[in-house]
Structures are given as structure tokens and as C-alpha cells.
Amino acid sequence: MRMDQDKLAKLRQRYVGTGGGDIHDPHFARVAAAQFTGDKRKWPFADVATFLSAPYRPDALTASGLGGLDVAIIGVPMDLGVTNRAGARLGPRAVRAIERMGPMDHALGTAPFTMLKAADIGDVPFRSRYSLESCHEDIEATFRTIVEAGVSPLAVGGDHSITYSILKAVGAKRPVGMVHIDAHCDTSGPYEGSKFHHGGPFRQAVLDGVLDPERVIQIGIRGGAEYLWEFSYESGMTVIHANEVDDLGLDAVIAKALAVIGDGPTYVSFDVDSLDPGFAPGTGTPEVGGLSPREALAILRALKGRDIVAADVVEVAPQYDATSNTAQCAAQVLFTELCLLAEARALGKGRP
């Protein structure tokens with residue numbers, strides 16, 4: 001077949017002699033303008049690694065109003081609360097090492113760094129690497145500083161126990177709802193004298209009055225620990241097991257999630273062990289039969305426009321994954337969560 005010569009002529013007229021940064025579509029052009037200088041872009045493998053290649057602002061925690069940020073991306077390298085394989089303390093560093101994330105989510109059409117001021121503000125300043133209790137005091141104090149400045153926190157753990165103390169800060173003024181994507185409900189009781197382990201943060205958050213169980217949905221639950229999750233059902237949380245995702249279909253799962261959280265302030269917590277270990281083996285408590293990254297992202301993207309006030313990604317233990325796939329998945333989830341915060345703030349929502 002002969003190529004359409006008129007069409008070719010128009011394409012040549014429009015594109016011959018242009019550079020990689022010359023984009024005609026207005027939406028794409030706005031994204032490109034933040035990436036290109038002429039036909040040059042910043043090398044993704046150059047300079048110091050930060051979360052999502054965001055500006056590095058370690059001074060923000062001590063600056064007035066958190067330095068004018070809208071979103072603070074912060075590492076929480078603490079894994080003293082694990083019940084099985086340790087190593088999630090190295091999660092923030094592994095996620096920072098992932099490059100070429102963004103600048104735009106193609107499904108959402110969102111380019112968050114063109115919509116808000118976000119920065120990697122470093123890690124929670126812990127006083128002791130040996131004390132689980134003092135680490136949780138430091139997490140709560142740090143996140144209270146962020147929240148009281150009107151800034152949305154976006155955390156990278158660390159084990160899942162960190163979310164309890166984050167919720168104490170985020171839900172201090174009023175309880176929040178939650179979309180919780182995980183292999184485990186994490187609503188068991190204290191073990192061996194500690195309430196801070198990663199198997200029970202959400203029981204404690206409910207009992208402290210900072211998490212509304214009627215507005216909590218837990219998706220992807222599976223494995224042999226079901227006998228530990230009585231509190232989820234007793235408190236009124238909605239639990240969708242991984243096998244039920246297949247039975248119900250993804251559209252029904254999403255519809256249920258949106259109905260549960262409603263229009264109120266909502267926290268998003270993502271444990272990488274929600275993903276099948278075939279996709280994300282680098283985690284402390286892997287469970288076979290999990291979600292695919294595409295399923296997880298579809299659930300998250302469906303939250304666009306809801307009142308998402310804060311979020312986290314936890315339980316990346318990179319030493320169990322020679323491929324770095326787990327950190328890659330975590331970084332993509334982190335970027336998607338940043339997009340959700342940007343969309344919420346654009347609608348006048350999203351303030352913790």
C-alpha cells in the first residue's frame with residue numbers, strides 16, 4: 001500500500017526541525033516544559049537520589065510552615081516491629097534509588113510536580129536505633145510537625161508498625177478512613193509486651209480514636225493468619241480477600257472501596273506484600289496468591305478526586321530481591337499516591 005503523501009507532508013511541516021521538548025498538545029506541553037531545557041532533560045542517573053527525583057529539602061522540618069510545601073515525602077527507616085524477616089529499614093534507600101518515575105501518570109493524566117510543591121525532606125530523625133518505643137514517639141512527633149503545618153505526609157517505610165504513629169498525627173483532629181492494600185489485616189493484639197509490632201497498627205489506631213473502622217477497607221488479604229484478624233470484623237472494617245478480588249471482579253472491588261470511604265478524609269496505606277511475591281519478593285512476610293501490580297494500581301487510581309490526606313508505602317526489604325522489582329513497584333505506588341494527593345488538593349481537599 002502507498003503511504004498517504006498529504007499526511008506525510010503535514011507531519012514533516014509540523015515536526016521536521018523540532019526537538020524532543022517541542023510538544024504541541026497543551027497538556028503534554030505543560031509537563032514537558034517542566035522537564036526540558038531546549039531538547040535536554042536531566043539525566044535520571046545523575047546527582048543524589050531522592051524519592052521520585054523530587055527536590056531534596058532536609059531543612060523543611062525546622063522551617064516555618066515546612067518551607068511552603070504542600071506534600072512532604074519522608075523516609076521512615078525503622079523495622080524494629082517486624083515479626084518475621086527484618087530488613088525494611090533499608091526500604092527508603094531502595095525506593096530512592098529507583099529513577100525515571102513520572103513525571104506524569106498516563107492513566108490519571110496527572111503530573112503532580114506541576115500542580116503542587118513536593119519535596120523529599122529526608123528521614124524521620126530517630127533518637128535511638130534500638131528502642132521501638134522511642135522510635136514511635138519520634139515518628140508521631142515528626143508527623144505532627146508536618147500535619148500541623150497543613151502539609152500532606154507521604155511516607156516510605158519501614159515496617160507497617162510505623163503507620164500507627166503516623167495515624168495518631170493525621171487523625172488527631174478527627175478520625176480518618178483508610179484504603180489499606182495488604183496481605184494481612186494488621187489488627188491483632190499486643191505480642192510479647194509490645195503493641196507496636198507490624199501486625200497490629202490498625203487495632204491500636206481504632207482504639208485510640210484516630211481511625212474510623214466503618215470507613216476502612218482492607219484489600220488483598222490472604223495467608224494463614226486469618227485467625228488473628230477478628231478485630232477487623234468486630235470493629236466494622238470491610239475485608240476483601242485476594243481470592244475474592246477474582247470472584248467479585250476489580251470493578252466491584254473498586255466500587256466497594258469508594259462506597260466505604262465516602263467523601264471523608266482518607267489515608268492510603270500500601271504494604272508491598274499485597275503484591276504476589278512473583279512480582280515483589282523483597283518483603284518480610286511474603287504470601288503467595290497476591291495482587292498483580294496492575295490490579296493494585298487500578299484500585300489506587302480509582303481514588304482520584306477523593307479526600308486523600310496522607311499515604312504510605314511500607315515493608316520493602318530490598319535484600320530479599322536481587323532484581324529491584326519490589327522497590328520499582330513501591331516507587332510506582334508512591335508516585336500514584338502523590339498524584340492522588342495532587343488531585344485532592346486541586347479540588348480544595350487533601351489537607352490532613
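In which loop is P103 found? P103 sits in the loop that runs between α3 (91-96) and β4 (118-123), and the peptide bond leading into this proline from G102 is cis, with omega near 10 degrees. The model described here is a predicted one, and its chain contains eleven helices and ten strands. With a radius of gyration of 21 Å, close to the 20 Å that the globule rule gives for 352 residues, the chain is as compact as a globular protein of that length. The points below take up the overall build, two helix pairs, the backbone features and two loop residues.

**Overall build**

- Taken along the principal axes, the C-alpha atoms of the chain fill a box of roughly 75 × 50 × 40 Å.
- Of the 352 residues in the chain, 54% are buried, a class that requires a relative accessible area under 20%.
- Among the contacts in the chain with a separation of 6 or more, 77% are accounted for by residues 24 or more positions apart.

**Helices α4 and α5**

- Helix α4 (residues 132-148) and helix α5 (residues 162-170) have axes that come within 8 Å and cross at roughly 35 degrees, and the crossing in which α4 passes α5 is right-handed.
- On the α4 side the contact is made by H136, I139, E140, F143, R144 and V147, while α5 contributes I162, S165, I166, K168, A169 and V170.
- Sorted by class, this contact of α4 with α5 has seven nonpolar, two polar and three charged residues.

**Helices α9 and α10**

- The axes of helix α9 (residues 250-261) and helix α10 (residues 293-301) come within 10 Å and cross at roughly 35 degrees, again with α9 passing α10 in a right-handed crossing.
- Here L250, V253 and I254 of α9 meet E295, A298 and I299 of α10, and by class the contact has five nonpolar, no polar and one charged residues.

**The two ends of α1**

- At the N-terminal end of helix α1 (residues 5-15), D4 acts as a cap, with a side-chain oxygen that lies 3.0 Å from the backbone nitrogen of D6.
- Just after α1, the backbone at G17 takes a positive phi of about 90 degrees.

**Backbone geometry in the loops**

- Most residues other than glycine have a negative phi, and most peptide bonds are trans, which is the background for the points that follow.
- A cis peptide bond joins G157 and G158, with omega at about 20 degrees, and G158 has its place in the loop between β5 (152-157) and α5.
- S53, a residue other than glycine, has a positive phi near 60 degrees, and S53 belongs to the loop between β2 (40-41) and β3 (71-76).
- E192, also a residue other than glycine, has a positive phi near 50 degrees, and its position is in the loop between β6 (176-181) and α6 (201-207).
- The relative accessible area of E192 is 86%, so this residue is exposed, the cut-off for that class being over 50%.

**Q319 and its surroundings**

- Q319 is placed in the loop between β10 (308-314) and α11 (325-346), where a relative accessible area of 43% makes it partly exposed.
- Leaving aside residues up to four places away in sequence, Q319 touches A86, G87 and L90, and its side chain reaches the backbone oxygen of A86 at 3.3 Å.
- From Q319 to P277 the distance is 14 Å, C-alpha to C-alpha, across a sequence interval of 42 residues.

**Y227 and its surroundings**

- Y227 is located in the loop between β7 (211-221) and α7 (230-235), and because its relative accessibility is 68%, Y227 counts as exposed.
- Although Y227 and S188 are 39 residues apart in sequence, their C-alpha atoms are 9.2 Å apart in space.

Note on methods. Residues are numbered from 1 along each chain as its sequence is written. This is a predicted model: local features need pLDDT of at least 70, side-chain atom pairs count only at pLDDT 80 or more; totals for chains, interfaces and linings use all residues. Side-chain values use heavy atoms; hydrogens and water are left out. A polar contact is a pair of N or O atoms within 3.5 Å; within protein, one must be able to donate a hydrogen and the other to accept it, and residues adjacent in sequence count only if both atoms are side-chain atoms. Helices (H or I, at least four residues) and strands (E, at least two) are DSSP runs, numbered from the N terminus. Axes are lines fitted to C-alpha atoms, for helices over the stretch in contact, and angles run from 0 to 180 degrees between N-to-C directions. A crossing is left-handed if the near helix is turned anticlockwise from the far one by less than a right angle, and right-handed if clockwise. Contact means heavy atoms within 4.5 Å. Ala, Val, Leu, Ile, Met, Phe, Trp, Tyr, Cys and Pro count as nonpolar, Asp, Glu, Lys and Arg as charged, and the others, Gly among them, as polar. The radius of gyration is taken over C-alpha atoms; the globule rule is 2.2 Å times the number of residues to the power 0.38. Buried means under 20% relative accessible area, exposed over 50%, partly exposed in between (1.4 Å probe, protein chains only).
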